[in-house]
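Me: I am in my first year and would like to learn how the words used for a protein model are justified. Could we go through one together, with a reason for each word?

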Amino acid sequence: MQQGEKAMPIPVVATRRWALAWLGLCLAFAVHVVDEAANDFLSVYNPTVVAIREQWPLLVLPTFTFQSWAALLGIALVGLLSLTPFVLQGKRWMLPLSIGFALVMIGNGFVHTVGSIYVGRMLPGLYSSPLLVGAALLLLLIARRAARQMR
């Protein structure tokens, strides 16, 4: 884009798709949190963190109580949902956030899957990982299309 040129606005249909994909990933994230909570995620996470800290004492990784973990994830989810109107308005600054959110959730889903294979049993969060990865891939695809339309 040349200096002084304005970016093209995204068509309304495209912003609706983008917003629906954003909401879809937020919903998949909520389902994933419920899956982790229902399958006692912290009973796996906290001992793993303690073992990692013993190996690498300078690595700072938190342990959580159920209440602090649920509160932090609830705040994250509310924060993500509160950004939906900006996606619907086609705000350019939401593109890197959409792509980052999608990439983090893809990584999260793969960690549950690969971790389950590595330890030889189903880890908490595995059931919802395919939904999480699928919704994240969809948001990634739609956000990239929106970015092309903004050029």
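Me: How much area does the chain expose, and what share of it do carbon and sulfur atoms supply?

Reply: Please keep in mind that this is a predicted model. The chain exposes about 9300 Å², and 70% of this area is supplied by carbon and sulfur atoms.

Me: Which secondary structure elements does the chain have, and in what order do they run?

Reply: The chain comes to six helices and zero strands, and from the N terminus on the elements read α-α-α-α-α-α. The C-alpha trace spans about 55 × 30 × 30 Å along its principal axes, and of the 151 residues 36% count as buried.

Me: How do you know that the span of helix α1 agrees with what is expected of its 27 residues?

Reply: The expected span is 1.5 Å times one less than the number of residues. For the 27 residues of α1 this gives 39 Å, and the end C-alpha atoms are 39 Å apart, so the two values agree.

Me: What about helix α6, and what makes its span agree with the expected one?

Reply: Helix α6 covers residues 129-150, and its 22 residues should span 32 Å; the end C-alpha atoms lie 31 Å apart, which agrees. The buried residues of α6 include Leu132, Ala135, Ala136, Leu139, Ala143 and Ala146, and the buried residues of this helix pack against α1 and α5. An α-helix has 3.6 residues a turn, so residues three or four places apart point the same way.

Me: Why is alanine 146 called buried?

Reply: Buried means under 20% relative accessible area. Alanine 146 has a relative accessible area of 2%, and therefore counts as buried. Alanine 146 lies in helix α6 and, not counting residues up to four places away in sequence, touches Ile10, Trp18 and Leu95. The C-alpha atoms of alanine 146 and phenylalanine 29 are separated by 22 Å, and these residues are 117 residues apart along the chain.

Me: Why is the pair of phenylalanine 29 and phenylalanine 101 called edge-to-face?

Reply: The structure holds seven aromatic pairs, and in this pair the ring centres are 6.5 Å apart while the planes stand at 80 degrees. Two rings pair if their centres lie within 6.5 Å, and planes over 60 degrees apart count as edge-to-face. With its planes at 80 degrees, the pair of phenylalanine 29 and phenylalanine 101 is therefore edge-to-face.

Me: What makes this pair a tie between parts of the chain that are apart in sequence?

Reply: Phenylalanine 29 lies in helix α1 (residues 12-38) and phenylalanine 101 lies in helix α5 (residues 94-119), so the pair ties together parts that are 72 residues apart in sequence. At 6% relative accessibility phenylalanine 29 counts as buried, and phenylalanine 101, at 8%, counts as buried as well. Elsewhere, Phe41, Tyr45, Phe64, Phe66 and Trp69 form one aromatic cluster.

Me: How do you know that histidine 112 is buried, and which residues is it in contact with?

Reply: Histidine 112, which lies in helix α5, has a relative accessible area of 6%, and this value is under the 20% cut-off, so histidine 112 is buried. Leaving aside neighbours within four places in sequence, the contacts of histidine 112 include His32, Glu36, Phe41, Leu123 and Ser129.

Me: Is threonine 84 buried or exposed?

Reply: At 11% relative accessibility, threonine 84 counts as buried, because buried means under 20%. Threonine 84 is found in helix α4 (residues 84-88) and is in contact with Trp22 and Leu23, leaving aside its neighbours within four places in sequence.

Me: Why is aspartate 40 called partly exposed?

Reply: Buried means under 20% and exposed means over 50%, with partly exposed in between. At 46%, aspartate 40 falls in between and so counts as partly exposed. Aspartate 40 is found in the loop between α1 and α2 (42-55), and has a positive phi of about 55 degrees although it is not a glycine.

Me: What makes glycine 24 partly exposed too?

Reply: Glycine 24, which lies in helix α1, has a relative accessibility of 29%, and therefore counts as partly exposed. Glycine 24 and asparagine 39 are 15 residues apart in sequence and 22 Å apart in space, C-alpha to C-alpha.

Technical notes: Residues are numbered from 1 along each chain as its sequence is written. This is a predicted model: local features need pLDDT of at least 70, side-chain atom pairs count only at pLDDT 80 or more; totals for chains, interfaces and linings use all residues. Side-chain values use heavy atoms; hydrogens and water are left out. Rings of Phe, Tyr and Trp (its six-membered ring) pair if their centres lie within 6.5 Å; planes under 30 degrees apart count as stacked, over 60 as edge-to-face and the rest as tilted. Helices (H or I, at least four residues) and strands (E, at least two) are DSSP runs, numbered from the N terminus. Buried means under 20% relative accessible area, exposed over 50%, partly exposed in between (1.4 Å probe, protein chains only). Accessible areas come from the Shrake-Rupley method with a 1.4 Å probe; for residues, only the protein chains shown count as cover. Contact means heavy atoms within 4.5 Å.
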